[in-house]
Amino acid sequence: SIQRLIQSNYGGSNILKILYISPENTVGTMSLWKKAHEMKGNQCDFITMFQNQNQSDSGICLNLPLISSSQTYLRCRHWYYKRHRGDLGDYQEKEGYPPIWKPNSPLERLYFIIRDWIWQFYIEKAIKKYNLFDYDIYHFEWGIDLYRDCRFAKKLSKNKKPIICTYHGQDMRTRGVIKDMDKISDLNLTSEVDLLYKHPNIKYLFLPFETENYKVKKTVSSPIRICHSPTNRYYKGSDDIIKICRDLDSCGEIEFILIEGKTQSEVFEIKKTCDIYIDQIHNRGGWGYGMSSVEALSMGLVCLTELVDEYQKFIPGHPFIAVTKESLKKTLLGLSKNKKFLINKKNESRKWVKKHHGISKVSKSLYSFYEEKSWIK
């Protein structure tokens, strides 16, 4: 096993030390991976670059300046990209196989040089304090290093440390892979089916989730309660979803709840009272579904989303109800009149998400990748 291989290489310990590096603990995924590795008897830590106010656990947070998920930061970035990429700005997808990140201007190149210089005063202190070169396996979320010039990852690579890059969607679609990271990455992973068509060397891995922590609402409300929880309205096609649902709500056919600007715990409390969750239409931010749908399925909500043919072939037997902008209203009206079908679908949803996204199942798949790579000689 990989544990025995590392034991022979690192002087007797049979405990793997695994480090995740991520800009933020998006929807708590880093905490889940930490728990998954610890369930296997290994040590796992994670570093985040900035605080996410909606997450309670930021791991080892570097609190780096000049990076944020605030609306002001995102609007400024979008404005800049509109000037250099066109009207879609930050939403403009890049071409390439894989798409490659490059500075859009000399000013942007200078920005990252200056940012790396500023960040070194935070990062180098953390490297010494937490012995960050002393781990066995490194996961780089979003495919990015602590530095844009990848100096930390390059040192790891020279020391023959296994490097994994995990891509979640926009990091590859609109930014592109960081060329130096892509060269030294030993394994690329994604939970987004469309990214399998954008990179010549990438593997699929379901997102982990603690399905056991959620209970299924076994009844159906009258009228049925439908929710939508976008992190980005453009990517989710939210304007069209909201208009259709509010029209039906005003007629008394359904009760619609838009969930925005809430903490993770607040989102959970609202979701668990609902019957149907609408993920996305238009496929602007990837195919299929995201972590919010995984959470909804775990609660037994019936999930609606737009599905392309490639996705349906890749994951057959899924519990999602496929919709488009044109079919959404008719589908919701049909479901509102068929509560028996909804109850059966709730149970089906729960079983499917436990089978594919359960934390033990997903960690088993990850460890199979570890063993296949045979990194330790």
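In which sense do strand 2 and strand 3 pair, and over how many bridges? The pairing is parallel, and 2 bridges carry it. Strand 3 covers residues 60–61. One contact can be named: threonine 48 has cysteine 61 in strand 3 as its bridge partner. Note that this is a predicted model.

Now turn to strand 1, residues 17–22. Strand 1 also runs parallel to strand 2, and 6 bridges join them. Within this part of the model, isoleucine 21 sits opposite isoleucine 47 of strand 2. Strand 2 itself spans residues 43–48 and is mostly covered. Of its 6 residues, 5 are buried, meaning under 20% relative accessible area.

A helix belongs to this arrangement too. Helix 2, residues 29–39, combines with strand 1 and strand 2 in a β-α-β unit. The unit is right-handed.

Further along the chain comes another sheet. Here 5 strands form an open sheet with parallel pairing, in the order 9-8-10-11-12. Strand 9 (255–258) and strand 12 (321–322) are at the edges; each has a single partner strand, so one side of each lacks a neighbour in the sheet. In general, strands of a sheet pair through backbone hydrogen bonds, in parallel or antiparallel fashion.

Look at the strand 9 edge. Strand 8, residues 225–228, pairs with strand 9 over 4 bridges, in the parallel sense. Histidine 228 has leucine 258 in strand 9 as its bridge partner.

Then look at helix 14, residues 339–357. Helix 14 lies across strand 10 (276–278), strand 11 (302–305) and strand 12. Relative to strand 11, helix 14 runs at about 85 degrees.

Key: Residues numbered from 1 in each chain as written. Predicted model: local features only at pLDDT ≥ 70, side-chain atom pairs only at ≥ 80, totals over all residues. Heavy atoms only, no water. Buried < 20%, exposed > 50% of the residue type's maximum accessible area, 1.4 Å probe, protein only. Pairing = 2+ DSSP bridges. Right-handed = clockwise from strand over helix to strand, strands pointing away. Contact = heavy atoms within 4.5 Å. Axes fitted to C-alpha atoms, helices over the stretch in contact; angles between N-to-C directions.
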